[in-house]
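User: Could you take a close look at one part of this model for me? I would like to understand how the two protein chains sit together, and then how that pairing relates to the DNA.

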Protein chains: 2
Amino acid sequence: MNNSDVARKPRRRSVNREAIEQRILASAEEVFAEQGFSGGSIEAIADRAGLSKQNMLYYFPSKESLYQRVLKDILGIWIEKMALIEQAGDTPAVMIENYIRGKLALSYTRPHGSKVFASEVISGAGHLQGYIENDLLPQLEADVALVNSWIDQGLMDQVEPKHLFFTIWATTQTYADFSAQISLALGKDQLDEDDFVQAGDFLIHVLLKGMGLVP
Amino acid sequence: MNNSDVARKPRRRSVNREAIEQRILASAEEVFAEQGFSGGSIEAIADRAGLSKQNMLYYFPSKESLYQRVLKDILGIWIEKMALIEQAGDTPAVMIENYIRGKLALSYTRPHGSKVFASEVISGAGHLQGYIENDLLPQLEADVALVNSWIDQGLMDQVEPKHLFFTIWATTQTYADFSAQISLALGKDQLDEDDFVQAGDFLIHVLLKGMGLVP
DNA sequence: GTCTATATGGCGATAGAC
DNA sequence: GTCTATCGCCATATAGAC
């Protein structure tokens with residue numbers, strides 16, 4: 001019937017479109033990570049995605065819109081993993097450990113996204129118009145409130161919670177953002193999963209003990 | 001006499017030249033920090049330095065050479081402050097504290113240099129040809145050896161010294177590199193000296209205690 | 001949706017007068 | 001050392017055929 005025809009065709013098309021858009025976004029994340037926003041040309045992105053640049057502009061009408069989309073996607077994943085999740089029976093120490101391991105896992109699986117975000121913040125976050133205030137900061141405030149309640153209950157040392165989160169962000173993201181420097185210091189071509197496990201072990205030992213969450 | 005003439009004139013010229021070069025380098029550090037290497041145009045740098053771009057190219061013959069010079073200068077200051085200096089009577093805790101406060105002071109006084117360096121490493125450090133291996137890593141190895149001697153003497157916990165330095169670098173530089181995000185989180189227009197003091201207090205408490213250098 | 005062709009602008013760098 | 005003028009390249013984006 002006519003009904004099924006008009007319903008099916010657009011659905012097939014949008015599935016293809018979705019796959020191509022994802023390929024473009026993956027390429028864009030890599031190119032913007034390696035060259036920055038200005039340095040990453042849409043031709044380089046299109047090449048890596050296997051399209052002509054003109055064809056790519058059919059899917060993302062401008063470099064700016066593509067970049068915005070890359071930023072929005074990575075920040076979304078970021079915030080999703082940012083909440084200190086209270087599960088039944090979890091102690092503060094376990095929750096902080098999970099948070100650190102979760103952020104390290106993101107640095108391992110999405111290093112290019114981390115780099116794009118870092119470059120953008122370094123340049124002043126001008127393309128992140130309101131995202132930080134509207135999406136990231138509310139989640140930070142919730143996490144800060146939880147840590148403050150731990151402090152009030154005498155479960156840990158009196159430290160400034162915001163600086164704690166700045167520290168966790170910086171130390172976990174550095175293994176993605178500064179991998180060129182860190183892999184040189186470790187004498188490796190690139191960081192592998194084992195390096196991230198060791199980083200996690202170090203960070204959890206020092207931060208949990210340093211906050212007074214473990215003896 | 002002829003002798004004093006030929007000696008004086010070049011000296012005067014080179015003093016002027018030195019001053020102009022410093023003005024250009026300061027502008028370049030700001031522009032590259034805000035726009036990255038590709039995004040920062042030599043015209044923007046020249047404008048901020050009060051020169052025409054053609055005239056600026058008389059002092060630095062190419063954008064590349066100017067960028068290299070900015071990188072080299074900031075890395076030099078970096079390494080100079082990087083050594084764990086043993087002074088008579090200093091305990092390991094005091095030496096680490098000085099190191100952290102010193103790196104934080106650099107983030108406060110040279111935030112643009114820190115950002116240029118960070119952007120460069122994020123993009124793969126392709127313009128840092130050998131600098132990291134030849135200049136930074138030897139100093140790191142010396143510092144690592146000293147920390148290992150502390151561990152051998154039972155003065156602190158058994159942690160991996162390299163990860164300790166990655167952590168100190170990341171946590172101190174983040175207050176320069178990510179100042180856009182951090183100042184938003186702290187609800188301020190920009191970070192002031194007091195914010196850096198608080199960051200230092202937090203880091204010294206958590207890191208010294210976390211390493212077992214203080215109870 | 002994909003292609004060829006092209007408009008348009010910006011930027012790094014050079015030439016040459018003064 | 002500084003200026004005017006300009007070359008040549010590359011990148012974003014658009015027009016229009018198929």
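How much area is buried between chain A and chain B, and what share of it do carbon and sulfur atoms give?

Analyst: Happy to walk through it with you. Please keep in mind that this is a predicted model, and every value below is computed from it.

Let's start with your question. About 4300 Å² is buried between chain A and chain B, and carbon and sulfur atoms give 69% of that area. The size of an interface is often expressed in this way, as accessible area lost when the parts come together. In terms of residues, 53 from chain A are in contact with 53 from chain B.

Now for the polar side of the interface. Ten residue pairs are in polar contact between chain A and chain B, with both partners at pLDDT 80 or more. On chain A, the elements that give two or more residues to the side touching chain B are α1, α6 (111-122), α7 (131-152), α8 (161-177), α9 (179-185) and α10 (193-210). Of these, α8(A) provides the largest share, twelve residues. Sorted by class, the chain A side that touches chain B has 27 nonpolar, 16 polar and ten charged residues.

Some of the charged side chains pair up across the interface. Side chains of opposite charge can pair when their charged atoms come close. Two salt bridges are found between chain A and chain B, while a search of the whole structure, over all chains, finds 22. In one, A:D157 pairs with B:K209, with the closest N and O atoms 2.5 Å apart. In another, the side chains of A:K209 and B:D157 meet, also with 2.5 Å from N to O. If you want to find this second pair on screen, look for A:K209 in helix α10 of chain A and for B:D157 in the loop between α7 (131-152) and α8 (161-177) of chain B.

It helps to place these elements in the chain as a whole. Chain A has ten helices and zero strands, so to speak an α-only pattern from end to end. Its C-alpha atoms fill a box of roughly 65 × 50 × 30 Å along the principal axes. The unreviewed UniProt entry places a feature called "domain: HTH tetR-type" at residues 18-78 of chain A. That span is 87% helix and 0% strand, and its end C-alpha atoms lie 22 Å apart. The UniProt record, again unreviewed, also annotates residues 41-60 of chain A as "DNA-binding region". Over residues 41-60 the chain is 75% helix and 0% strand, with the end C-alpha atoms 14 Å apart.

That brings us to the DNA, beginning with strand C. Fifteen residues surround DNA strand C, and the closest are A:Q54, A:Y58, A:Y59, B:I42 and B:K63. Of the strand C atoms that come within 4 Å of the protein, sugar and phosphate account for 59%. The bases are reached too: a polar side-chain atom of A:Q54 lies 3.1 Å from a base nitrogen of strand C, and one of B:K53 lies 3.3 Å from a base nitrogen of strand C. On the backbone of the DNA, a phosphate oxygen of strand C is 3.1 Å from a polar backbone atom of B:I42. Helices α1 (2-39) and α3 (53-59) of chain A, together with α3 (53-59) of chain B, each supply at least two residues of the surface near strand C. Here α3(A) gives the most, with four residues. By class, this surface has four nonpolar, seven polar and four charged residues.

DNA strand D also has 15 residues around it, and A:I42, A:K53, A:K63, B:Y58 and B:Y59 come nearest. Sugar or phosphate make up 67% of the strand D atoms within 4 Å of the protein, and the rest belong to bases. Several phosphate contacts can be named. A polar side-chain atom of B:Y59 lies 2.6 Å from a phosphate oxygen of strand D, and one of B:N55 lies 3.1 Å from a phosphate oxygen. From chain A, a polar backbone atom of A:K63 is 2.8 Å from a phosphate oxygen of strand D. For this strand, the largest share of the nearby surface, four residues, comes from α3(B). The surface near strand D has four nonpolar, seven polar and four charged residues.

Definitions and conventions
Residues numbered from 1 in each chain as written. Chains lettered and ligands numbered in written order. Predicted model: local features only at pLDDT ≥ 70, side-chain atom pairs only at ≥ 80, totals over all residues. Heavy atoms only, no water. UniProt positions renumbered as here; feature names shortened; annotations may be inferred. Near = heavy atom within 4 Å. Polar contact = N/O pair within 3.5 Å; in protein donor to acceptor, adjacent residues only side chain to side chain. Nonpolar A, V, L, I, M, F, W, Y, C, P; charged D, E, K, R; others polar. Contact = heavy atoms within 4.5 Å. Buried area = accessible area lost by both parts, 1.4 Å probe. Salt bridge = Lys/Arg side-chain N within 4 Å of Asp/Glu carboxyl O.
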